[in-house]
Amino acid sequence: MIAMGRHFFGRWECAALGIFVAASLAAADDGSATARRGLRGAQVAATPAPEPTSRTLGAAPGPEEQVGADLVGMTAPLPEPGSQPVAAVEDKRSADVPAHLGPLPQAEVAGTAEQADVVGSVPVRPVSNLTTCGNRSTCLKVVDDFLAQQPQTFAPRAGLLQTFGPAPPGGGGPCGRLCELYPECAKQNCRFDPYDNAVAAIYLTYRGNLSEAANILIGLRRLMYDDSGRLELLRSAYTEKGLPQEWFIDTGNNAWVAMAFAHYAAASGSSCDAATAHDILHAIVGESSCKGSLGGFTGRAQNSRGGYRATEHNIDMFALARMLGEEEIMEEAAKFVRHMFGIDPEHPDAYATATGGEPRCSDQRTYGTPIAADTQFWNLLAEVDPHGGRKRASLEFALRPSSEGGFITEDDDLLGGGAKLTGVRFTNRGEGAQWENTAAAVMASGYYDAVYSKQPNSTRDMVDQMQASLLYQLGKYGAVLGSVRGGNFLAYHARSPPAAYPGGSHTGMGWTYLRYPHTAATAWTGLMLLEANPFLPPKQPMPAAVGGPWCAPP
């Protein structure tokens, strides 16, 4: 357990001051990069965790958890790389894309792809049947205001933002006990997720609100380091008092936190925060590295239940290692992701979700596992797999309507006036749109259009509808919701998707997103508006990660 009392006093106030000084310097735009004492030499704590009781990444748990060792279905060895041939895609970059984007990556070339100076979005265009938040500037202000008003741990002003809530007008609907929502957040004890906060910090960094980003990073740092400089990787969620609410140590969540520190370090010139990003990366490698032909990293740390390897987590690790110039780690993650294309015979045009969880680092694939949306869209945005044909096949699969096995679905906002909204499901077995993934889908589609080839007009029109559905929510609710579908956990467990209020958007993996404002979905929509791809290395150079264990000003 984290000794929280040690995070509030003494040297931690120096750590907080170090981040605020960096933010102030960047805000002053004086061009200087001050030397900081970093956390490069911090030790990694290996604290045993109690038996976990739920699974989440910004969502409420359900009893039918099917992740890691619980992934359902029979298993079989993974095929050798290159055994799933896919036609290559030529460089058909549109003439209206700036020439400085540079050459496309060559198909099947190991290592990193040439970074294109395009981040993936589409222009904010009005869609006639939805009233949105307005132009880009007014919509961004809605995102800013929502994040500024979210409750924080470690109040005042420095800590993690609340993940869900408060409940919007209409709550969960008029269906009695199956629709009643807690007014403040999705559960009686509100949750504060490191992943959601990492996305918010990246958005605030690219928005130029470095002091607000620093507030979040201070809260994350308080949870990671004790007074001796020892690092403990973050748990999945925390309470408002900063105590672990869920004990899982997820690789992807921690990689996102490190990405947030890396983006902030580049924007502010803070060597301290660059060192923190490196510390987290190497702590993850020490806890989750797998050897063998597949490479990659497990979904959870050794002292956390779950020895499976998830494609999404390895996408995150690839992006983080790329930002920090760690080529060996980057290639280990990329090797695994590339192996995962087409290994599920039911979905030969998609990247599979994960391997089996037992034994740890198993090379066994899983049958009957849902295909995750983020595994397709994040992979494209992160440029993990340089094979253009696989990118195209994955995107075409993902953008099919749900009736054809893809992710595209429509929800009626019954409690907000009846607007018909277009979004993507969390997995191909989910029910209802999940809006965080919808924002990523808009960005990924725009990225593909800019770098590879224009998609059919029908696809682009559908993507416009998805974007408009996100901007509609900003205008209607002052945030993007986890789901527009009513109902509560009781309705979800009743398993009645055809019901008017079915208990939010079901993921198809054992949990649901309810009708609450959602920090990650709102921040992702902000990134979409900024056209800021969180997976690509920052344009500013990364400062050197040097110094001792305290992250204080010189």
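The torsion about the S-S bond that joins cysteine 175 to cysteine 179 is about 100°, so this disulfide is right-handed. The sulfur atoms of cysteine 175 and cysteine 179 lie 1.7 Å apart in the model, where a disulfide is taken to be a pair of cysteine sulfur atoms within 2.5 Å. The model is a predicted one, in which local features need pLDDT of at least 70 and side-chain atom pairs count only at pLDDT 80 or more, whereas totals for chains, interfaces and linings use all residues. Residues are numbered from 1 along each chain as its sequence is written, and side-chain values use heavy atoms, with hydrogens and water left out.

The two ends of this link are set in unlike surroundings: cysteine 175 is partly exposed because its relative accessible area is 30%, while cysteine 179, at 2%, counts as buried. Here buried means under 20% relative accessible area, exposed means over 50%, and partly exposed lies in between, with a 1.4 Å probe and protein chains only.

By the sulfur distance rule the count comes to four disulfides. Another of them is formed by cysteine 185 and cysteine 190, with 2.0 Å between the sulfur atoms, and a torsion of -90° about the S-S bond makes this link left-handed. Cysteine 185 is buried, with a relative accessible area of 2%, and cysteine 190 also counts as buried, at 15% relative accessibility.

A further disulfide joins cysteine 290 to cysteine 361, S to S 2.0 Å, and its torsion of -80° about the S-S bond makes it left-handed. This pair links distant parts of the chain, 71 residues apart, since cysteine 290 is in the loop between helix 6 and helix 7 (311-323) and cysteine 361 is in the loop between helix 8 (327-339) and strand 5 (364-366). Helices (H or I, at least four residues) and strands (E, at least two) are DSSP runs, numbered from the N terminus. Cysteine 290 counts as buried, because its relative accessibility is 1%.

Helix 6, which spans residues 271-288, is also the place of leucine 281. This leucine 281 has 0% relative accessibility and therefore counts as buried. Which residues does leucine 281 touch, not counting residues up to four places away in sequence? Leucine 281 touches Met317, Leu320, Ala321, Leu324, Glu326 and Ile329, where contact means heavy atoms within 4.5 Å. Between leucine 281 and leucine 233 the C-alpha to C-alpha distance is 9.9 Å, and 48 residues separate them in sequence.

Glutamate 232 lies in the loop between helix 4 (210-224) and strand 3 (237-238). At 8% relative accessibility glutamate 232 counts as buried, and its C-alpha is 9.5 Å from that of isoleucine 249, with the two positions 17 residues apart in sequence numbering.

Threonine 409 belongs to strand 6, residues 408-413, and counts as buried because its relative accessibility is 12%. Leaving aside residues up to four places away in sequence, threonine 409 touches Ser402, Leu421, Thr422, Gly423, Val424, Arg425, Gly432 and Ala433.

The aromatic side chains are the remaining topic. A search of the whole structure finds 15 aromatic pairs, where rings of Phe, Tyr and Trp (its six-membered ring) pair if their centres lie within 6.5 Å, and planes under 30 degrees apart count as stacked, over 60 as edge-to-face and the rest as tilted. One of the pairs is edge-to-face and consists of phenylalanine 164 and tyrosine 513, at 6.3 Å centre to centre and with 70° between the planes. Phenylalanine 164 lies in the loop between helix 2 (136-149) and helix 3 (194-207) and tyrosine 513 in strand 9 (residues 511-513), so the pair ties together parts that are 349 residues apart in sequence. Phenylalanine 164 counts as buried at 4% relative accessibility, and tyrosine 513 counts as buried at 1%.

Phenylalanine 341 and tyrosine 351 form an edge-to-face pair as well, 5.0 Å centre to centre and with 70° between the planes. Both rings, 10 residues apart, are in the loop between helix 8 and strand 5. Phenylalanine 341 counts as buried at 1% relative accessibility, and tyrosine 351 counts as buried at 1%.

Elsewhere, ring pairs link Tyr195, Trp256, Trp378, Trp524 and Phe535 into a cluster. Arginine 300 lies over the face of phenylalanine 248, at 3.7 Å from the ring centre, the rule being that NZ of Lys or CZ of Arg is within 6 Å of the ring centre and within 35 degrees of the ring normal.
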